[in-house]
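Hello,

Here is the structure I promised to pass on to you. My notes on what turned up in it follow below.

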Amino acid sequence: MSPSNFLSLLDSQSKLYLGFQDLSTLIPSYLHRLKLCTKHQAPSNAKKIHAQIVKSGLNQCQPLPNTLLNVYGKCNLPQDAQCLFEEMTQRDHVSWASILTAYNLAKLPNKTVSIFHYMFTIDRLQPDHFVYATLLKACASLCALRLGKQVHARFVLSPFVDDDVVKSSLVDMYAKCGLPSIARSVFDSILVKTSVSWTAMLSGYARSGLKDEAMELFLRAPARNLYSWTALISGLVQSGYCIDGCYMFIEMRREGVDISDPLVLSSVVGACSNLAVLGFGRQTHGLVIGSGYESCLFISNALVDMYAKCSDILAARNVFYRMLQRDVVSWTSMIVGAAQHGRAEEALDLYDQMVLAGVKPNEVTFIGLIYACSHAGLVIKGRKLFKAMIEDYRISPSLQLFTCFLDLLSRSGHLNEAEDLIKTMPHEPDEPSWAALLSSCKHHGNSEMGLRIADRLLNLNLLEPSTYVLLSNVYAGAGKWEQMSRVRKLMADMEVKRKPGYSSVDLGKESQVFHAGETCHPMKDEIFNLLKELDAETRKRGYVPDTSYVLHDMEEQEKERELFWHSERWAVAYGLLKAVPGTVIRIVKNLRVCGDCHAFLKLTSSIVHKEIIVRDATRYHHFKDGRCSCNDFW
C-alpha cells in the first residue's frame, strides 16, 4: 500500500468511526491501523490515531496502550513512548518490555538501564524473559559488564533460567564486553542454538581478535547467511585483520550471498580505509551503487573516509557533495580529510558550511580544524576555534586536542604561550606534546627553552624514533655531549624493539610491499639503478643526506647507504618503473617518513614530473613540483 493510499484509508475510516455507538468495537480497527503505522514507519499517523483513541476514551483499554508503546518504539519516537508509559494506570510485563525496547531502538541504552529498577519499586513486577533479553542488550551496547553480570545472576535464579533467547543475549553481552570465553560457556549451554546465538558467538570471537576460533566456528555453523558473514567480516576488520576480512568478503560474493543489509559493505569499505587499497575500495563503491545503498548515510560516510585515507581527496569530496543527508560524521570526515591533505582553507570553509547547516561539531571536528590551522600558520583563527569549542559548544578538550593547539602555537613561534599551555592544561603532557614543543624550539632557535624541554623528554619512556633523533640533534647543537651520548645509547637499545619499517605501493590491480633494506626483490637491479640516478640528480639540486636520522653508530658513508635503502624510496622507484604514465604514485608507510626521505622525495617529484603521495603513520604528503602539501611540517 502506498503512503497516499494509507492516508486516505485513515481519513475514510476515521469518518466512519464517528457514527459508531459501541466504542469497544473500535479496538480491533485501531489495532489494525496501528499495525499499518508500524509497517509503513508512519510516526505522524501513529500520533493521529493516538489522539483519536484518547478522544474516544479508550486510551486505558488494553491492548491499545501496549500496542501504541510498541509502535512509538518502532517509529523511533522514544519521548512519545515515555509520556505514554508514564500516563498508563496499569503496566504489565509487555509494557515494560515495550518501553525498554523503545529506548534500545533509539540508541538510548542508558535510559533502559536507568528506569529498570522502577519495575520492582513502583510496579512490583519481576522481569520475564523478554525484559531480561532487552536489558542485556542495553548492557551489551554500554559494555556494562558489572550490571550485565548482575542481570545474569538474577536470570539464573529466575524461572526463565533455561530460556535460550536470553542466553543468546548473554552471549552477545559477554562477547561485546571482551569476554569470549564466558560467552562460549553460555553458548555451549544453549540447547537449541539459533542463527542469532551462532552469530553472536562468531562476532565475539572475531571482535576479540581470535581469528582461528572465529573461522572454526564459522565453518561449523549449520547455516551461513548474510548475518553470520557480516559478523565474521566486521569482527575481523575491527580487530585489525583487514586483509582477512576482505578475503572473506570475496568468498561471500563467490557463494552468491544476497546483500540485503548494507552493514557488511561499510565494514569492507572500512577495511579499504585501513589498508589504503584504493582499487579495491573503488570496486566496493561500485558494488554499493549497484546494490542501491549509495543513499545510506553510514555507507556514504565510510566512503568519504575511505577515499580520504586512500589519498584521493577529490573522490572523497565528490561523494560528500552528492550526499542527500549529512550528519556530524559526514562533515567531520571531510574536514579531517582536507586538513590531513594540507587543504587548510577548504577545511575551514567546510566548517562554516557545517555551522550554517545547523550541524553541531564534536571534538574530532575541532581536532581536524586546529590541525589545519597548525599547518597553515593560522594562529588567530586557531585561537578563535579553540575558544568557541569550549565556550560555545561546551567541549572539554582532550589531551590530543591540547596537543594540536600546542603544536599550532609552537610552530608559529609563540613558544612562551605554548609552554604556559603545556604547564597549565588539565592533562599530564605525553611524548607527542613535549616533542611538538621541542621541535619548534629547535626550528625557532630557542636553545634555552629547548634544553629545558629536552631534559623533560629524556626522563620519559620514549616510543618514537623521531623523538630520539630530535633530542640527539638538540643536545648536539648545544654541545651537551654527555646527554647526547645517553640519547644515542637509548636509541641503540630501542633499535632492538623497534618494529621494522615497510612501505607499500598501490598500482591499481597490483600492490607491492617493500621492507627497509630490501635485497631480494626480482626487480632489485632496475630499482637500484633508478635510485642511483635519482640520488645523483637530487644532489645536483642541493640534496645532502641527513644522516642524523640513522640510529646506528657507524661511519658516515654507511649511514648514507642505510638511508638509500629506506623502504619508501624503493616503493617510489618501483612505482615509477611500473605505473601507467600520468598516474599518481601512492605509497603507504607504517612509520613516519624520515626527514631525509622527505627532502629526497620533494626533489624527486620535480625531477620525474609526477605527483607522489605518501601516507605515513601521522599524515599525508603530496609531493609535487618540488613541494609538499605538509608545508615541511614534518
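Let me begin with the sheet. It is an open one, built from 6 strands in the order 2-1-3-4-5-6, with mixed pairing. At its edges are strand 2 (511-515) and strand 6 (627-628), each of which pairs on one side only. Please keep in mind that this is a predicted model.

For the overall setting, the protein chain has 34 helices and 6 strands. Of its 634 residues, 51% count as buried. Among contacts between residues at least 6 apart in sequence, 62% join residues at least 24 apart.

Strand 3 is a good place to look in more detail. Antiparallel to strand 3 (residues 585-589) runs strand 1 (residues 502-506), and 4 bridges join the two. Two of the partnerships here are Asp-506 with Arg-586 and Val-505 with Ile-587. Strand 3 is also joined to strand 4 by 4 bridges, but these two strands run parallel. In that pairing, Ile-585 stands opposite Ile-612 of strand 4.

How many residues of strand 3 are buried? The count is 5 of 5, so to speak of the strand as mostly covered is fair, given that buried means under 20% relative accessible area. In a regular strand, side chains alternate between the two faces of the sheet. Strand 3 is covered on both faces: Ile-585, Ile-587 and Lys-589 are buried on one side, and Arg-586 and Val-588 are buried on the other.

Further along the sheet, helix 34 (residues 595-608) lies across strand 4 (612-615), strand 5 (620-624) and strand 6. Relative to strand 5, helix 34 runs at about 40 degrees.

Next, the empty space inside. Rolling a probe the size of a water molecule over the atoms shows where such space is left. The structure holds 2 cavities of 30 Å³ or more.

The largest cavity contains about 70 Å³ of space. Its lining comprises 13 residues, and the closest to the centre are Cys-310, Ser-311, Arg-586, Ile-587 and Val-588. Strand 3 and strand 4 each supply at least two residues of this lining. Which classes of residue make up the lining of the largest cavity? It divides into 8 nonpolar, 1 polar and 4 charged residues. Arg-586 therefore appears twice in these notes, as the bridge partner of Asp-506 and among the residues closest to the centre of the largest cavity, where it falls in the charged class by definition.

The second largest cavity has about 30 Å³ of space. Trp-198, Leu-202, Leu-217, Phe-218 and Ala-221 line this second cavity. Helix 13 (195-207) and helix 14 (211-220) each supply at least two of the lining residues. By class, the lining has 5 nonpolar residues, with no polar and no charged ones.

One last residue to point out is Phe-130, which sits in helix 9 (residues 129-142). Is Phe-130 buried or exposed? Phe-130 counts as exposed because its relative accessibility is 53%, and the cut-off for exposed is over 50%. Phe-130 and Ser-98 are 32 residues apart in sequence, and their C-alpha atoms are 9.3 Å apart in space.

If you open the model, strand 3 would be a handy starting point, with strand 1 joined to it by 4 bridges and strand 4 also joined to it by 4 bridges.

Best wishes

Terms used. Residues are numbered from 1 along each chain as its sequence is written. This is a predicted model: local features need pLDDT of at least 70, side-chain atom pairs count only at pLDDT 80 or more; totals for chains, interfaces and linings use all residues. Side-chain values use heavy atoms; hydrogens and water are left out. Two strands pair if DSSP finds at least two bridges between them. Contact means heavy atoms within 4.5 Å. Axes are lines fitted to C-alpha atoms, for helices over the stretch in contact, and angles run from 0 to 180 degrees between N-to-C directions. On a 1 Å grid over the protein atoms alone, a cavity is a set of points where a 1.4 Å probe fits but cannot get out, and a pocket is an open set with protein on both sides within 12 Å along at least five of seven lines; lining residues have an atom within 4 Å of a point. Grid points are joined across faces, edges and corners, and a volume is the space filled by probe spheres set on the points. Buried means under 20% relative accessible area, exposed over 50%, partly exposed in between (1.4 Å probe, protein chains only).
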